[in-house]
Amino acid sequence: MSFPPANHDPAIDPTADQVRDLRDHGPDGPVVMLNLLKFHDRARYPEGHPDSGLSGAEAYARYQHAFTVTVGATSQAELLFEGPVDQVFIGDPAANPWDKCLIVRYPSRRHFLAMMADPPYRDALVHRYAGLARTLLFQMHGSCDERAAFAATFLR
């Protein structure tokens with residue numbers, strides 16, 4: 001498959017500066033990515049693609065399989081949370097209509113960056129571009145145990 005695929009959408013990709021910043025100045029240790037996802041109703045594959053006709057959520061599920069399973073040995077991605085966004089609890093619901101949230105942990109930023117360079121991962125980006133209308137991706141660091149301990153203390 002050619003890269004980028006014909007349905008490439010730069011609006012949902014990191015910029016070269018963002019990738020360099022993570023590479024050169026990112027945290028040591030585990031990296032956790034919080035993904036907010038809004039899907040197209042119908043996937044937007046290039047003309048003639050065999051997966052045309054899928055929903056945006058179904059197309060994204062194929063991409064998700066790629067980064068967790070297909071290149072799992074490279075990414076070592078661990079899915080910590082996956083679920084629909086039921087409602088905006090604080091804020092304007094009309095301004096933030098997200099369909100799904102994913103929280104994914106990588107052992108290090110190097111694992112995340114190696115995944116991005118992996119050819120089978122890059123081939124799977126066609127599904128990401130087909131499925132996503134828009135996204136926000138927040139990079140965080142620290143262990144989940146530290147965050148859980150903080151949350152438990154805060155909620156007492």
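Colleague: Which class, nonpolar, polar or charged, has 24 residues in the lining of the largest pocket?
Modeller: This is a predicted model, and its largest pocket holds about 850 Å³ of space. Among the 34 lining residues, Asp13, Pro14, Phe112, Met116 and Leu137 are the closest to the pocket centre. Sorted by class, the lining has four charged residues and six polar ones, while the class with 24 is nonpolar.

Colleague: Which residues have the most contacts inside the largest nonpolar core?
Modeller: In soluble globular proteins, nonpolar side chains tend to be buried together. Here the largest such core has 22 residues, and E1, H2, E3, H4 and H5 each supply at least two of them. A separate, second core has six residues, including Tyr45 and Ala130. Inside the largest core, the residues with the most contacts are Tyr60, Phe67, Tyr106, Phe112, Met115 and Tyr121.

Colleague: Leaving aside neighbours within four places in sequence, which residues is Tyr60 in contact with?
Modeller: Tyr60 is one of the residues with the most contacts inside the largest core. Once its neighbours within four places in sequence are set aside, Tyr60 is in contact with Asn35, Leu37, Phe39, Phe67, Leu102, His127, Arg128, Gly131 and Leu132.

Colleague: On which residue is the kink in H5 centred?
Modeller: Helix H5 spans 119-131 and supplies at least two residues of the pocket lining. Its buried residues include Tyr121, Ala124, Leu125 and Val126, and their cover includes E1, H2, H4 and E4. The kink in H5 is about 25 degrees, and its centre is Leu125.

Note on methods:
Residues are numbered from 1 along each chain as its sequence is written. This is a predicted model: local features need pLDDT of at least 70, side-chain atom pairs count only at pLDDT 80 or more; totals for chains, interfaces and linings use all residues. Side-chain values use heavy atoms; hydrogens and water are left out. On a 1 Å grid over the protein atoms alone, a cavity is a set of points where a 1.4 Å probe fits but cannot get out, and a pocket is an open set with protein on both sides within 12 Å along at least five of seven lines; lining residues have an atom within 4 Å of a point. Grid points are joined across faces, edges and corners, and a volume is the space filled by probe spheres set on the points. Helices (H or I, at least four residues) and strands (E, at least two) are DSSP runs, numbered from the N terminus. Ala, Val, Leu, Ile, Met, Phe, Trp, Tyr, Cys and Pro count as nonpolar, Asp, Glu, Lys and Arg as charged, and the others, Gly among them, as polar. A nonpolar core is a set of buried Ala, Val, Leu, Ile, Met, Phe, Trp, Tyr and Cys residues joined through side-chain atoms within 4.5 Å. Buried means under 20% relative accessible area, exposed over 50%, partly exposed in between (1.4 Å probe, protein chains only). Contact means heavy atoms within 4.5 Å. The bend at a residue is the angle between axes fitted to the seven residues ending there and the seven starting there.
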